[in-house]
Amino acid sequence: MDVVARHLAAIDRLRARDLPPGGADHHTVELDPGHGPRPSTDDLHALRDAIAQHLGTRWGETPPWGQLTLRLRLARGEEIPEPWATLCLRTDELGVWQAEDVWLAVGVADRDEADAIRLLATVTRTAPP
């Protein structure tokens with residue numbers, strides 16, 4: 001199984017997890033980069049783009065969601081719901097889809113130089129702000 005197919009399967013398992021009805025709960029996971037050396041930022045962005053292409057085929061093409069506006073709103077003291085508040089601090093851009101009754105976001109967490117670069121997938125019932 002190639003890496004994109006493996007990540008799509010992980011996203012499908014994530015979507016299958018129970019979220020409390022009517023709740024704002026969410027699940028975020030790191031998509032396993034596999035064995036060997038840690039991928040570069042460029043590698044993970046390319047992988048995110050490949051995953052986004054497949055998810056766009058399933059749920060419709062969507063433009064990338066830039067996170068700068070959310071970070072500015074957060075800095076002004078506006079309350080941003082989770083998981084969007086945390087995702088905007090960790091990523092510069094997300095692929096976002098409404099997948100049936102949940103929202104799905106995929107992005108590269110590369111904003112914290114002290115932390116490893118991570119490919120993240122999130123499901124939530126909370127619509128993006």
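These questions and answers cover helix H2 and the sheet of a predicted model. Local features need pLDDT of at least 70, side-chain atom pairs count only at pLDDT 80 or more, and totals for chains, interfaces and linings use all residues. Residues are numbered from 1 along each chain as its sequence is written, and side-chain values use heavy atoms, without hydrogens and water.

Reader: How many Å does helix H2 reach from its first C-alpha to its last?
Author: Helices (H or I, at least four residues) and strands (E, at least two) are DSSP runs, numbered from the N terminus. H2 covers residues 41–59, 19 in number. The expected span, 1.5 Å times one less than the number of residues, is 27 Å here. The model comes close to that, at 26 Å.

Reader: Which residues of H2 are buried?
Author: Buried means under 20% relative accessible area (1.4 Å probe, protein chains only). An α-helix has 3.6 residues a turn, so residues three or four places apart point the same way. The buried residues are Leu 44, Leu 47, Arg 48, Ile 51, Ala 52, Leu 55 and Gly 56.

Reader: What is the order of strands in the open sheet?
Author: Two strands pair if DSSP finds at least two bridges between them. The pairing is antiparallel. The edge strands, E1 (26–30) and E2 (65–66), each pair on one side only. The order is E1-E5-E4-E3-E2.

Reader: Which residue in E5 stands opposite Val 106?
Author: E4 and E5 pair in the antiparallel sense over 7 bridges. Opposite Val 106 in E5 stands Ala 121.

Conventions: Buried means under 20% relative accessible area, exposed over 50%, partly exposed in between (1.4 Å probe, protein chains only).
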